Amino acid sequence: MSAVVYDLREVRRARYAVAAVFAVHGAVTGSFATRVPWIQDHAGVSAGQLGLALAFPALGASVAMPLAGRISHRFGARNALRGLIALWTLSLVLPALAPNLLTLCLALFTYGATAGMADVAMNALGVEVENRLGRSIMSGLHGMWSAGALIGSAGGTLAAHLGADARLHHALAAAVLTVLGVVACAWVLDLQPAEDEEPPPRFALPPRSALLIGAVGFCAVFAEGASLDWSAVYLRDQLEASAGLAAACTTGFTLTMAIARIAGDKVVDRYGTVRTVRTSGVLAVLGGLLIVVSDHPAAAMSGFALMGLGIAVVVPLCFAAAGRSGSNPSLAIAGVATITYTSGLIAPSAIGTLAQLTSLVVSFGLVTVLSGGLVAFAGVLRAGDRDRPKVSAPDTAVPDPRP
């Protein structure tokens, strides 16, 4: 099979552009998360009602993500991403405007729907750039998302500290992020469907390959959601740590994940997807075991750090494998994204329910078992791990064919 050759400068520009889009996407999430208490007070909802409302972003994303492929087919990948990222950034203003539970649920449904469609579009373009470069970049792209989320969180923390109205804060943030996202899209790959290519269906079940890949992502995201939402509680309740130390555990877990994602591409290029995920699974299992047997906060914090290190690169590699697993990358990526969003939705409540019935130690025992799934099923990510097309210097570039 002969290699397809691409213009190196164009592909590199596209890589930096899609990385900027990932950062913008993450910044919206970080900006929203820090102002949830203000939004709760403004809407006048209880803690239970807020929990109900916060399920709607995942519901909206699950419903809308399959539409991303059809939108890209209709308008082309660049125009589709430009429009979807703008809808996502502008949707940031909606939750803070909601005066009651019903409008908050509707706002968060829209917020999640635009997030999910933009997520699928940018991951599909990221996979295409990775294929053309012939080396891993998806872990670094998701690391840029984490960096964007940290920046958005920092801005939101400052706004909350100053007592700023979230409607004003989010309006300003949405305006800035919309401009940044739209400008970055000028340099992403402008993929167009072939003339005889059938448009993807509006709604369709994920292909079987996406279900298997999504199962690996499910295990990783379950561990991520459990650790993010329950690590501080675990240290406080199980090990009697101070509030500050408990919070530092969650921060350390987040930073470990971000650093591992940014550095992860070099590891993937050297050892391959399957070996990297299996090794990651071993680290996650060791971290989980250290958490459940620890009788001192420092040991548990080390366990959560190992857990973050172990699961950091798995989801980016799941998206990359999905994009190479069949003839319709957007549909496969949408299927994997739906499964991982669902995992992130149910993980915190599942951990809490199991802890109520037994203990948090048992809950993180379940997390450890699921982490073992990364070791057992890493082989399903093998699709497309080799035989990637190559890039060339600009003077030998050829037109960009779509296989």
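C105 is a buried residue, with a relative accessible area of 8%. Keep in mind as you look around that this is a predicted model. A second cysteine, C185, is buried too, at a relative accessible area of 0%. A disulfide is a covalent bond between the sulfur atoms of two cysteines. How many disulfides does the count come to here? The count is zero.

## The overall picture

Let's zoom out. The protein has 403 residues, and 51% of them are buried. Its chain makes 17 helices and two strands. Take the contacts between residues at least 6 apart in sequence: 86% of them join residues at least 24 apart. As for the outside, the accessible surface is about 17300 Å², and carbon and sulfur atoms account for 66% of that.

## Two residues tucked away

Now pick out G143, which sits in helix 9 (residues 138-161). Is G143 buried or exposed? G143 counts as buried because its relative accessible area is 0%, and the cut-off for buried is under 20%. Leaving out neighbours within four places in sequence, G143 touches A258, R261 and I262. Look at R261 in particular: along the chain it is 118 residues from G143, yet the C-alpha atoms of the two are 4.7 Å apart.

S371 gives you another case to look at. This residue belongs to helix 17 (residues 360-377), and at 0% relative accessibility it is buried. Which residues does S371 touch, once those up to four places away in sequence are set aside? They are A223, G281, A284, V285 and M307.

## Rings that pair up

Next come the aromatic side chains, which form six aromatic pairs in this structure. One of them is W88 with Y111, a tilted pair whose ring centres are 4.7 Å apart, with 50 degrees between the planes. This pair ties together distant parts of the chain: W88 is in helix 6 (residues 77-90), Y111 is in helix 8 (residues 101-133), and 23 residues separate them. Both W88 and Y111 are buried. F32 joins in as well, since F32, W88 and Y111 make up one aromatic cluster.

Another pair is Y234 with F364, and here the arrangement is edge-to-face, at 5.3 Å from centre to centre and 80 degrees between the planes. Why is it called edge-to-face? The label applies because planes over 60 degrees apart count as edge-to-face. Again, distant parts of the chain are linked: Y234 lies in helix 11 (residues 208-239) and F364 in helix 17, 130 residues apart. Y234 is buried at 1% relative accessibility, and F364 is buried with a relative accessible area of 1%.

## Charged partners

Side chains of opposite charge can pair when their charged atoms come close. The structure holds five such salt bridges, including the three in this table.

| Salt bridge | N to O distance |
|---|---|
| R132 and E128 | 2.9 Å |
| E130 and R324 | 2.6 Å |
| D237 and R236 | 2.8 Å |

What separates R132 and E128 along helix 8? They are about one helical turn apart, because four residues lie from one to the other in that helix. Both R132 and E128 are buried.

E130 also sits in helix 8, but its partner R324 is in the loop between helix 15 (314-323) and helix 16. Those two are 194 residues apart, so this salt bridge links distant parts of the chain. Like the previous pair, E130 and R324 are buried.

D237 and R236 have another setting. D237 is partly exposed, with a relative accessible area of 43%, and R236 is partly exposed as well, at 47%.

## A nonpolar spot on the surface

Finally, turn to the outside of the model. L59, V63, F109, L345 and I346 make a nonpolar surface patch of about 360 Å². Which elements give two or more residues to this patch? They are helix 4 (56-64) and helix 16 (329-357). V63, for example, has its place in helix 4. With a relative accessible area of 42%, V63 is partly exposed.

Terms used
Residues are numbered from 1 along each chain as its sequence is written. This is a predicted model: local features need pLDDT of at least 70, side-chain atom pairs count only at pLDDT 80 or more; totals for chains, interfaces and linings use all residues. Side-chain values use heavy atoms; hydrogens and water are left out. Patches are made of residues with over 30% relative accessible area and no salt bridge: like charges are joined within 9 Å, nonpolar side chains (Val, Leu, Ile, Met, Phe, Trp, Tyr) within 5 Å. Accessible areas come from the Shrake-Rupley method with a 1.4 Å probe; for residues, only the protein chains shown count as cover. A salt bridge is a side-chain nitrogen of Lys or Arg within 4 Å of a carboxyl oxygen of Asp or Glu. Buried means under 20% relative accessible area, exposed over 50%, partly exposed in between (1.4 Å probe, protein chains only). Contact means heavy atoms within 4.5 Å. A disulfide is a pair of cysteine sulfur atoms within 2.5 Å. Rings of Phe, Tyr and Trp (its six-membered ring) pair if their centres lie within 6.5 Å; planes under 30 degrees apart count as stacked, over 60 as edge-to-face and the rest as tilted.
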